[in-house]
Amino acid sequence: MARSFGIGTKKVGLPPGTLVHVGEERTEPVRITIFDYDEDSLHEFCPTSVDRCSDFRDSPSVTWIDVVGVHRPEVVEEIANCFGIHPLVQEDVVHTEQRPKMEDYDDYVFIVLKMLTSPDEPDGDDGIRSEQLSLIVGRGFVLSFQETEGDVFDPVRDRIRKSKGKIRRRGADYLAYSLIDAVVDNYFPILEAAGEELELLEDELLANPSTEASQKIHQMKRDMIFLRKSVWPLRDVISRLARGESEIFSDSTAIYLRDVYDHTVQVIEEIETIREILSGMLEIYLSTISNRMNEVMKVLTIIATIFIPLTLVAGIYGMNFDYMPELHWRYGYPAVLLFMTSAGVIMLIYFRRRRWI
Amino acid sequence: MARSFGIGTKKVGLPPGTLVHVGEERTEPVRITIFDYDEDSLHEFCPTSVDRCSDFRDSPSVTWIDVVGVHRPEVVEEIANCFGIHPLVQEDVVHTEQRPKMEDYDDYVFIVLKMLTSPDEPDGDDGIRSEQLSLIVGRGFVLSFQETEGDVFDPVRDRIRKSKGKIRRRGADYLAYSLIDAVVDNYFPILEAAGEELELLEDELLANPSTEASQKIHQMKRDMIFLRKSVWPLRDVISRLARGESEIFSDSTAIYLRDVYDHTVQVIEEIETIREILSGMLEIYLSTISNRMNEVMKVLTIIATIFIPLTLVAGIYGMNFDYMPELHWRYGYPAVLLFMTSAGVIMLIYFRRRRWI
Amino acid sequence: MARSFGIGTKKVGLPPGTLVHVGEERTEPVRITIFDYDEDSLHEFCPTSVDRCSDFRDSPSVTWIDVVGVHRPEVVEEIANCFGIHPLVQEDVVHTEQRPKMEDYDDYVFIVLKMLTSPDEPDGDDGIRSEQLSLIVGRGFVLSFQETEGDVFDPVRDRIRKSKGKIRRRGADYLAYSLIDAVVDNYFPILEAAGEELELLEDELLANPSTEASQKIHQMKRDMIFLRKSVWPLRDVISRLARGESEIFSDSTAIYLRDVYDHTVQVIEEIETIREILSGMLEIYLSTISNRMNEVMKVLTIIATIFIPLTLVAGIYGMNFDYMPELHWRYGYPAVLLFMTSAGVIMLIYFRRRRWI
Amino acid sequence: MARSFGIGTKKVGLPPGTLVHVGEERTEPVRITIFDYDEDSLHEFCPTSVDRCSDFRDSPSVTWIDVVGVHRPEVVEEIANCFGIHPLVQEDVVHTEQRPKMEDYDDYVFIVLKMLTSPDEPDGDDGIRSEQLSLIVGRGFVLSFQETEGDVFDPVRDRIRKSKGKIRRRGADYLAYSLIDAVVDNYFPILEAAGEELELLEDELLANPSTEASQKIHQMKRDMIFLRKSVWPLRDVISRLARGESEIFSDSTAIYLRDVYDHTVQVIEEIETIREILSGMLEIYLSTISNRMNEVMKVLTIIATIFIPLTLVAGIYGMNFDYMPELHWRYGYPAVLLFMTSAGVIMLIYFRRRRWI
Amino acid sequence: MARSFGIGTKKVGLPPGTLVHVGEERTEPVRITIFDYDEDSLHEFCPTSVDRCSDFRDSPSVTWIDVVGVHRPEVVEEIANCFGIHPLVQEDVVHTEQRPKMEDYDDYVFIVLKMLTSPDEPDGDDGIRSEQLSLIVGRGFVLSFQETEGDVFDPVRDRIRKSKGKIRRRGADYLAYSLIDAVVDNYFPILEAAGEELELLEDELLANPSTEASQKIHQMKRDMIFLRKSVWPLRDVISRLARGESEIFSDSTAIYLRDVYDHTVQVIEEIETIREILSGMLEIYLSTISNRMNEVMKVLTIIATIFIPLTLVAGIYGMNFDYMPELHWRYGYPAVLLFMTSAGVIMLIYFRRRRWI
């Protein structure tokens, strides 16, 4: 949670367009990979110097520059300047607490997404982690900036390398679509894991409504708030892309974006469904506790109601008055025992009638 | 519930347009039925080979190809290619976790619906099951893809065979309307069953507010969340068809679609009503539990308040002090008994005044 | 409630435009009344045969055909066909589970309303009953179809007969407005009755928060859900009429419809207000129960806390040890009694300080 | 509350435009005041006969006819007819249960507002009372109809008399704005009083969460529902006036109306804030009750857990078996007392560890 | 809270445009600072007399007049008149209870913002304090009116003095943007502080669910209501500025405003997230209390259920009947002790099975 409130205090008071990295502290080197391809050829390499990026600026082929690590603002700045990117965009790339958004700068489109990764250990307290992906899509080039290395884009790289599907035959907008699609597709396993945890939790809740179970429900609820915050604005972003608001994205790609849009809506619906189910589970939890308390109270009441009056009877015959004729009757003792037993039995019958037992 | 989270993990990372069946595993053969009719003639047969579909592509009569079973993507692909359907549409047909939607591809309209079937045994834990129906409506043809064989379309087939109503005199758009109408009409018995279960549940709840009853309420709530997810987007789909967004649907059919739209809105309203009533029932349940606990507490308190003080009195006269003058009085014992009885009676009167009895 | 879920199962699978009566079973004969009037003349009679309706089709005067009872579809069909009404409209007239709606068929407007009647015995369990009123308003004629005979339209008939107000001087649209106005005006007494019941209920709740009171609240909540379902879509219907969406309604009548629209909004607001107040009353109910339980617990705790320790003291001096010096002291007994009394008094003081008494 | 449900039953069935007073029964005479002014001159007088109103119909100066008391429909009718007001407007003026609205009749604008007055005694059960103010604003005249005499308009009268501000230099629309402004400004003291009551209530709630406090919260909640109903539609009314929907209101007055609009939004926000705070207070109340019950239960449990076992011990040594060796030991009695004391102390330590004490 | 209800009672009844200071009473002198700069030159000084403001009215350079303290209306009036500001704007500047808004007066734009300051002592009961900032942005000048001296604008002043960033090269609209940006940036530390307090509170809640913790939650909830009220309308204000609704703001500045808009949306989302988490925490709190009560009840019930029946047994053998054969058996006493012990052990086993221990 600390994460979700770590919003840019370092930035306060600086002029706009100043590049300050905001996010987790990192020390790894920044890794740059360049794919340059058209239908017939493919160059893939990791440049040692940022300068080489400029070579691809005006090439007719599609250029994808993938930057992993935005904690060194000067690297981001150099690449971005080479493609003529507005300083505010550069600032948002390194300031990794943006919400998903899409900004159209005529010559290029700036898109911010959230990549989600579920924690390695499913039972850990880590919760779901989120990472900012910034895409700058221009005519003939795509710049992508990630925070950490992940394998989300591996299938896309694979398709480019092996020329699978239409990716090599189409432009930068289709590449951008493929990357967005990969990110959105990646939400589904996370939701599926949440769905499975939900079912486990539900079984646990019915078997043993412990405080831990209720805390897990709240933890999941909070995860869902977090997820929704990451996915909700995406719906609008992709809808605007699919509606062809930017000229960078061609009409034939818009059909594919409509597909991603459907997926995003589906993700949002699943999140809302999980939230509603979680609320229902909390209600189950509370009503189960109330029920249990009721059961406990009934046991207490039955015991007290049967035995306290009998104890009074025993107490009465334990009094030391000189003149208590019953005490000297031959069958006084068995009579009292009999009376006590029958009183208890009558009580039990009464409780059964009231459906307490 | 497992169902509602089984969204397409097999798909992650594949290029768009790759046909992978997502849904329950099935092994039955795929069954294809072809209806080809105009006002005067009707051909109905089950082709042994998919090739025969192409014969009807350009015929002036209305062709309805009904495919039951989408778990063999190659069959879907062959039929779809024969009618020139976009790969993304083919992908959505076999990927049976789509939400209801409508996509206009100029030459044809792609419509996804959910067919709902209530479980065979009304008391089972199965809940309501949902199946994807994909309709591709073009000029002169309708392709329908279902997951399992159902009898929802039997009345439509019957009307075609017996030339009942206007169906034989009108085009493919009217056939599509008839199929959609059949699906939506089928929601009503399910809602009616839910309504009846609701009434049973309510009676049960008032008679005996058990934990099982509260769990059934939650089960129904979840069913309604599921139902709403299936029906809610349909409203928009049919509204767009009825507004004539696609040229495939003629104005005279739009009037009929407006009628289906009304039914859909009615279904949604019923679902919302059931949801509100279920929420009210949960409140009843919780307040009944509170009330019962109150009753139990009152019984306990009355018993304890009457007998514990009397037990003290008995205890006092059971003490073994040498000098306790009361013990030697001739009428000490009856006096104490009388005191105890009157104290108890006074207590009872006090409780009655406080309306506890 | 059975009512609200009885939606058209008889209809499933029939071709559209098939007239099947859906609603409560009835056996009374259908009663038809015809009013034909202009500023100077008025014919009012109950035709023995449906044929006579056609006489008024093309008359320049205003014709109002009021049909009570739609359980004989053939009668509805004959009249409707005579005025050239679309089969789907005829179907909706006899299928009395429509939600309020307005459909414009250029030559006529089809309007569905709900007439509400409160039960005869205010304390009965019947709840509010609803009946479908279908209006078909054309140039020069109004067809109205009700389920049962009611006196809602009596004032309108009266105004026609006695030529009160402008009704005789204006067209069919004004007549339609008058009928709609009569229906909407009739909602107010029902709301008023609900308001009065609410106040009674509130007094009862504060005096004695019984389970019955909470069930009455829930019953009223459900009535309000039902009411809202009947009135909510009406707002849109009348708004569209008042905006002049149909050419059947003239601009001068639109001003009057705006007035009805205001009333409808007012009805909806009252319903929402009653719902909010009912929710507040449930909260009062639950907090009162909690409070009472608290009171009961306090009494129990005070009694137990005072008497259980004293009982121990009495028990101790009831032990039969040989060597218990206190037993033989001359003032042992009064000393113990004094000790017990003062312990009890100290306890009471302590409780008073804690504000428990 | 009776008020908010007293909607027009007297009206049901009457032709539209029939003037029937709906509202509290009144017997006071109707009081009419006429202001006729331009920048240089001012006539102010109370006409003895309604006829005199017509003198000012076509005067170039601004005429304000203020009518206090609408329970005599004939007076309203006469004045309104003199200015050519539509019968439906006249009906709404005397029918004092309208919601705030604005209707544009080209030649004049009809505006309905609610004037609120807080009860004289702040602790009374009266709640906030509401009164209908109808304004008819034409070119050169303003007719205002109030139910009872109030001092809300005194500052406006004062400004006219003393020619303060611009009021004498501007037209009827500015006068109408001044009256609306006076009404809206008057909402603030009511909200302020509510805010103060809220703070008192909160202190009371924390000090002593009694049933009375919870009932006061619910009373305030209901007041807020009532207030919102009166103010919410006003927002739309003034927004439409400020947007220049009517030609009666000039652009220079629109700037002032924008100011009133801001105030209205502020009033609505305050009401919503108070509602949210009240909901929070109810939650505090309920959790405080739960907490107190918890405290009570702990005391009971501690007492019972310590003394009930010790009572058993005393009971055991009070048994009358012949062979109970402990009874004859010299130090049996002190040993038992020691045992009891230490058992009690151990219990107390245990409870302290569990943080119950 | 007193603050949020202190809305302008002093104003009621005055003509519009009358300048009356509404807000906290202050006595400090008003401090005016003037910055006049273009790319090459900068004049910064505090004028002793308000007259000097007029010198800068028509200068081609950018003039920023910063006024701290609006409790002396005459100072505000003099400055505003010098720049030709509408009286209603002047009124809103001194009436410091406005909600954030933006009004376009063609020649200048009037913007109201809320500056928030968290209290100095984080544990104090002060809550967050809010101060009104009024900006009047014209062609070539910016007038800013604050209530108290703060250091929010220091970075902006610094950038002007040191000519950092583009601020000196751009116009008054960019200066206005910088000031708005500084205010919005300042919201983040406040949210961050709230986030940290939330985490502390959560730990405290789980460790010890005291009444204080629940009151702190409610305090934070109220703070969030307050915050939302201050920030929510800002979203609309900045959105309208960024959409270029006013001609004062150039297109190149609009890009920067879009950035501020994103921040505002982020602030609102954070507030909503905190509110949802607080609601979840209240639920945790209540369910923890229920759970604890359950635990307490179990202990009580176990103790009572084990010891009360045994006490009855002891009581029976403490009765003084003459003929009680067990009393004279040699092994009666140990037999009873054995019976009691085994009964207790059986009870314990039973409770363990029911999972109560």
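In this predicted model, chain B drops onto chain A after a rotation of 72 degrees with 0.0 Å of shift along its axis, at an RMSD of 0.1 Å (least-squares fit on the C-alpha atoms of residues with pLDDT of at least 70 in both copies). That is the relation of a five-fold axis. Gly318(B) is the residue of chain B that comes closest to this axis, its C-alpha lying 4.7 Å away.

As for the interface itself, 65 residues of chain B are in contact with 62 residues of chain A, contact being heavy atoms within 4.5 Å. Only 15% of the interface residues of chain B also serve as interface residues in chain A, so the copies meet through different surfaces. About 5,800 Å² is buried between the two chains, 63% of it from carbon and sulfur atoms (accessible area lost on putting the parts together, 1.4 Å probe, summed over both).

Chains B and A share 8 salt bridges, each a side-chain nitrogen of Lys or Arg within 4 Å of a carboxyl oxygen of Asp or Glu. One of them links Lys101(B) to Asp262(A), at 2.7 Å from N to O. On the chain B side, the elements supplying at least two residues each include α2 (87-94), β4 (101-104) and α6 (211-242), while α7(B) gives the largest share, 17 residues (helices, H or I, of at least four residues and strands, E, of at least two, are DSSP runs numbered from the N terminus).

Residues are numbered from 1 along each chain as its sequence is written, and chains are lettered from A and ligands numbered from 1 in the order written. Local features need pLDDT of at least 70 and side-chain atom pairs 80 or more, totals for chains, interfaces and linings use all residues, and side-chain values use heavy atoms, without hydrogens and water.
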